[in-house]
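Got your viewer open? Let's take a short walk through this structure, one selection at a time.

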Amino acid sequence: MINITNLSVRYKDTLAIDNINLQIDKPSIIGIIGPNGAGKSTLIKAILNIIPFKGKAEIDNLPSKDALSDIAYVEQKINIDYNFPIKVRECVSLGVYPKVKLFHKLKKEHWEKVDEALKLVGLEKFSHRQISELSGGQFQRVLIARCLVQEAKYIFLDEPFVGLDPKATFLLKKIMHECVSNGGAIFFSTHVLDVAEKLCN
Ligand code: ADP
Ligand code: MG
């Protein structure tokens, strides 16, 4: 499933992660724990080929950059530009794009999936609102909906529970367990030990 070999990342003079080896060979929920600055976000971004790294990151025996259609990624909230002019429904629809060819329009069935996901996270009434006009928790639910429409085998979540209300937390945990029962894997970072202990394999 996921195979990480001798993975290191250096930012100029900081060696952020040093020679990580990790094999995930069955459907599971994997938690990466550590304090701020430990390198959790860096590890996720390296595995997903978003930043340069040394070593190997393979997903289903392919370099991760060739497996992106099987991967959903929700980045850490502080890195997201809330002022990007995009409506809730469009933002969720971005989750469909890994499945359709580049520059192809989404079909009716894709939009139905988008609307279904919005309903699931309780945001159907907000679908035409700009994302800049949402609360932090509502925006987090948009990201969960985007993740849902992607129907990815592998889901990478960077600090997903920060700022999430109890209902959205419950929903996200349910999605995580469903992904695993469908044969996938979840890889998430947290600095809250309690969450990791209860949720992870
Ligand atoms: P975590 O997600 O565990 O809080 P990060 O992966 O964000 O940790 O950061 C790991 C280390 O790398 C920290 O020391 C941080 O300051 C440094 N770092 C992260 N991103 C950059 C960057 N773009 N440029 C330089 N240093 C960075
Ligand atoms: Mg981080």
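## Stop one: a pair of helices

Start by selecting helices H4 and H5, whose crossing is left-handed. H4 covers residues 136-150, and H5 runs over residues 166-181. Keep in mind as you look around that this is a predicted model. How far apart do the axes of H4 and H5 come, and at what angle do they cross? They come within 11 Å and cross at roughly 20 degrees. That angle makes H4 roughly parallel to H5.

## Stop two: swap one partner

Keep H4 on screen, hide H5, and add helix H3, residues 108-120. H3 and H4 pack with their axes 9 Å apart, at an angle of about 135 degrees. Angles over 145 degrees would count as roughly antiparallel, so H3 and H4 are oblique to each other instead. Is the crossing of H3 and H4 left-handed or right-handed? Rotate the view and have a go: this crossing is right-handed.

If you're wondering what to note down at stops like these, two packed helices are described by the angle between their axes and the distance between the axes.

## Stop three: the ligand

Now select ligand 1 and show the residues around it: Tyr11, Ala16, Pro35, Asn36, Gly37, Ala38, Gly39, Lys40, Ser41 and Thr42. They divide into 4 nonpolar, 5 polar and 1 charged. Which helix gives the most to this shell? Colour H1, residues 40-47, which supplies 3 residues.

Next, zoom in on the oxygen atoms of ligand 1. One is 2.8 Å from an N or O atom in the side chain of Ser41. For Gly39, pick the backbone: an N or O atom there lies 2.9 Å from a ligand oxygen. Ala38 also uses a backbone N or O atom, at 3.2 Å from an oxygen of the ligand.

Finally, show the ligand's surface. Taken alone, ligand 1 exposes 560 Å², and the protein buries 58% of that.

Terms used:
Residues are numbered from 1 along each chain as its sequence is written. Chains are lettered from A and ligands numbered from 1 in the order in which they are written. This is a predicted model: local features need pLDDT of at least 70, side-chain atom pairs count only at pLDDT 80 or more; totals for chains, interfaces and linings use all residues. Side-chain values use heavy atoms; hydrogens and water are left out. A residue is near a molecule or strand if one of its heavy atoms lies within 4 Å of it. A polar contact is a pair of N or O atoms within 3.5 Å; within protein, one must be able to donate a hydrogen and the other to accept it, and residues adjacent in sequence count only if both atoms are side-chain atoms. Accessible areas come from the Shrake-Rupley method with a 1.4 Å probe; for residues, only the protein chains shown count as cover. Helices (H or I, at least four residues) and strands (E, at least two) are DSSP runs, numbered from the N terminus. Ala, Val, Leu, Ile, Met, Phe, Trp, Tyr, Cys and Pro count as nonpolar, Asp, Glu, Lys and Arg as charged, and the others, Gly among them, as polar. Axes are lines fitted to C-alpha atoms, for helices over the stretch in contact, and angles run from 0 to 180 degrees between N-to-C directions. Angles under 35 degrees count as roughly parallel, over 145 as roughly antiparallel, 65 to 115 as roughly perpendicular and the rest as oblique. A crossing is left-handed if the near helix is turned anticlockwise from the far one by less than a right angle, and right-handed if clockwise.
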